Each structure stands twice: as structure tokens, then as C-alpha cells.
Amino acid sequence: MQKNLLNFLLIYSMVDRRNFSTFLGNFQTMQLRKYILITFMITVSLLGVSWILFPKELNYSIMTDTISYLGDYERNPVGWIFFSISFIFASISLIPLIIYLHKRIIMISHMGTWIGTVFLYIGILGIFLTALLPDVYGTDFFKDVSLGKIHNIAALIGMFGLILGLFDYGMLFFIDYWPIFHKNHEGVYAYLSVFLIFLPFTLIGIGTLITQIIRNKLGGEWPGAGILSFPLWEWMLVISFFITIYGLALRLPQKFPNIDKN
């Protein structure tokens with residue numbers, strides 16, 4: 001009995017240490033692939049349930065309704081909780097991946113990488129807060145400030161944090177690729193395929209900016225029609241962000257000389 005208990009505690013201790021190590025971004029190749037697949041499926045499934053439970057009579061559409069509408073407990077009284085859980089889970093599950101990327105990208109530039117990583121953490125915090133603060137305009141928060149307005153502020157902080165973080169990372173790979181920017185040493189990740197990972201997010205980010213400027217110039221009403229629809233671009237921007245993070249994690253080498261020194 002005592003021996004079985006000791007064996008159980010030993011196994012539990014090993015599993016617990018392995019899980020903690022994973023949360024610190026220490027993935028083996030297969031672990032990383034499984035982690036990305038499982039966390040992606042959980043996030044999408046929860047978001048999908050929220051969408052399915054959205055009242056049919058309100059006709060939810062990515063052309064007219066933002067992602068946050070799924071988290072409005074007045075519009076989506078049953079499904080909103082699944083939206084919140086989805087975004088909370090997504091924000092937490094991104095942390096180990098950001099740590100994993102940080103440990104590799106820091107070999108290009110210590111200061112530059114920390115700047116990008118801090119912005120990404122701010123973006124993740126924004127995602128987390130959008131889940132805790134639903135997009136509900138009819139609810140007063142601290143008297144004259146609506147919960148929906150605070151939600152929008154959190155969403156903007158999250159969006160700009162993620163954009164600036166990935167922009168910083170992208171610039172580091174650009175610097176690393178061209179020898180003119182590092183004359184005294186070899187590039188760490190000097191292969192062109194890394195740039196292709198940033199392409200969807202970059203193009204969609206630029207597209208979002210251009211279309212919304214055009215919509216405002218034309219005096220178009222919210223949320224915009226057709227290609228000028230903000231919710232459409234918001235959906236594409238969120239999807240492309242995850243593609244970029246997952247793509248970078250899968251593309252960068254799992255092991256690199258002296259990587260643990262950084």
C-alpha cells in the first residue's frame with residue numbers, strides 16, 4: 001500500500017513538472033504540434049457553440065456583427081458564456097507559445113525581442129479583458145461608463161498590442177535576413193520563408209486600415225457594407241493573428257545552439 005502510494009506520488013510529481021515546463025514554453029516537437037492542435041480545437045469549438053446558440057432571429061453575420069457580439073449576454077443570453085470561456089482559454093493558452101517564440105527570437109536582438117514580447121502580452125491581456133467585460137451597451141458601469149465602452153477600450157488595447165508585437169517581431173526577422181543590418185555576424189534565421197508567415201496578418205492589417213479610412217471618408221455608416229465591413233476585417237485579423245503565431249512556432253527550429261543562455 002505504502003509502496004503504491006509512493007509510486008503514485010512520484011508519477012504525479014513527474015507529470016506535474018512536465019506540465020509546468022510546458023507552460024514555460026519548453027516544448028518538444030510533437031508536444032508543440034499537439035498543443036497547438038488541441039488548444040486551437042478547444043478555442044474554435046467554444047466559439048462555435050456560442051455562435052450556434054446565438055438567437056436565430058437576430059441573424060448573426062460576420063458582415064454586420066463583431067466577434068464581441070457573441071459575448072453580449074443581452075443579445076446572446078445562453079451562448080455568451082461560451083464566448084467568454086473561449087477567449088479566456090485562448091489568451092491563457094497563447095502564453096506558452098509566446099514564451100517559446102521569445103526564447104528563439106531573442107537570439108536576434110535582446111532588447112528588440114523584449115519590446116515585441118511585452119506588446120504581445122499587452123495584446124493577450126486585452127483578449128482576456130474582452131472576455132471578462134462583455135460588449136453590453138445597456139449596462140452601466142461605475143454610473144456613467146457603460147460596460148460596452150470599457151470592453152471596446154480593452155479590445156483596442158488588445159488589437160494594437162498584438163499588431164505592434166508582431167510588427168516588432170517581423171522587423172527583427174527583416175533585420176536578421178539582410179546582412180547589411182548585421183555586418184559583424186551571421187544571421188540567425190536568415191531564410192526567406194519566415195517572411196511568408198507574417199504575410200497574411202500584414203496584408204489583412206493594411207486592408208483593415210485602408211477600408212476603414214475609405215468608409216469614414218465616404219461617410220459610410222457602421223459597420224460598413226461589403227468589403228468595407230469592419231466586422232469582416234476584424235474576423236480576418238483575429239484568424240490571421242493565430243495563423244502567424246502558430247506558423248512561427250512551427251517554423252522556428254525546436255533546438256538551437258546556446259538557446260537556453262538567453
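Where is the place of glycine 226? Glycine 226 sits in the loop between helix 6 and helix 7, and this briefing will come back to that loop after a tour of the rest. Keep in mind that this is a predicted model. The protein has 7 helices and 2 strands, and along the sequence they follow the pattern α-α-α-α-β-β-α-α-α.

**The whole protein**

- The protein has 262 residues, and buried residues make up 42% of them.
- About 14,900 Å² of the protein is exposed, and carbon and sulfur atoms supply 72% of that area.
- Take the contacts between residues at least 6 apart in sequence: 69% of them join residues at least 24 apart.

**Helix 2 and the loop after it**

- Helix 2 covers residues 29-53, and its 25 residues should span 36 Å at 1.5 Å a residue; the end C-alpha atoms are 37 Å apart, which agrees.
- The buried residues of helix 2 are Leu32, Tyr35, Ile36, Thr39, Thr43, Leu46, Leu47 and Ser50.
- A useful rule for reading such a list is that an α-helix has 3.6 residues a turn, so residues three or four places apart point the same way.
- Asparagine 59 is found in the loop between helix 2 and helix 3 (80-105).
- Phi of asparagine 59 is near 50 degrees, a positive value in a residue other than glycine.
- As background, most residues other than glycine have a negative phi.
- Asparagine 59 counts as exposed because its relative accessibility is 56%, and the cut-off for exposed is over 50%.

**The salt bridge**

- Searching the whole structure turns up 1 salt bridge.
- Its partners are aspartate 72 and arginine 75, with the closest N and O atoms 2.5 Å apart.
- Is aspartate 72 buried or exposed? Aspartate 72 has a relative accessibility of 3%, so it counts as buried.
- Arginine 75, at 27% relative accessibility, counts as partly exposed.

**Helices 4 and 5: a nonpolar patch**

- A nonpolar surface patch of about 1,000 Å² is built from residues including Met111, Trp114, Phe119, Ile153 and Phe160.
- Helix 4 (110-132) and helix 5 (147-177) each supply at least two residues of this patch.
- Which helix gives the most to the nonpolar patch? Helix 4 does, with 6 residues.
- Tryptophan 114 belongs to helix 4, and this patch member counts as partly exposed at 40% relative accessibility.
- Leucine 129 is also in helix 4, and a relative accessible area of 30% makes it partly exposed.
- The C-alpha atoms of leucine 129 and alanine 154 are 6.0 Å apart in space, although the two residues are 25 residues apart in sequence.

**Helix 6: a kink along the way**

- Helix 6 (193-217) has 25 residues that should span 36 Å at 1.5 Å a residue, and its end C-alpha atoms are 37 Å apart, which agrees.
- A kink of about 40 degrees lies at leucine 199 in this helix, shortly before proline 200.
- Among the buried residues of helix 6 are Val194, Ile197, Phe198, Phe201, Thr208 and Arg215.
- Serine 193 is in helix 6 and is partly exposed, with a relative accessible area of 26%.
- Serine 193 and arginine 251 are 58 residues apart along the chain, and their C-alpha atoms are separated by 8.7 Å.

**Back to the loop between helix 6 and helix 7**

- Just after helix 6, glycine 219 takes a positive phi of about 75 degrees.
- Proline 223 lies in the loop that leads to helix 7 (230-251).
- The peptide bond joining tryptophan 222 and proline 223 is cis, with omega about 5 degrees.
- For context, most peptide bonds are trans.
- Glycine 226 is partly exposed, with a relative accessible area of 39%.
- Apart from its neighbours within four places in sequence, glycine 226 is in contact with Met63 and Leu232.
- Glycine 226 and threonine 64 are 162 residues apart along the chain, with their C-alpha atoms separated by 9.3 Å.

Technical notes: Residues are numbered from 1 along each chain as its sequence is written. This is a predicted model: local features need pLDDT of at least 70, side-chain atom pairs count only at pLDDT 80 or more; totals for chains, interfaces and linings use all residues. Side-chain values use heavy atoms; hydrogens and water are left out. Patches are made of residues with over 30% relative accessible area and no salt bridge: like charges are joined within 9 Å, nonpolar side chains (Val, Leu, Ile, Met, Phe, Trp, Tyr) within 5 Å. Accessible areas come from the Shrake-Rupley method with a 1.4 Å probe; for residues, only the protein chains shown count as cover. A salt bridge is a side-chain nitrogen of Lys or Arg within 4 Å of a carboxyl oxygen of Asp or Glu. Helices (H or I, at least four residues) and strands (E, at least two) are DSSP runs, numbered from the N terminus. Buried means under 20% relative accessible area, exposed over 50%, partly exposed in between (1.4 Å probe, protein chains only). The expected span of a helix is 1.5 Å times one less than its number of residues. Contact means heavy atoms within 4.5 Å. The bend at a residue is the angle between axes fitted to the seven residues ending there and the seven starting there.
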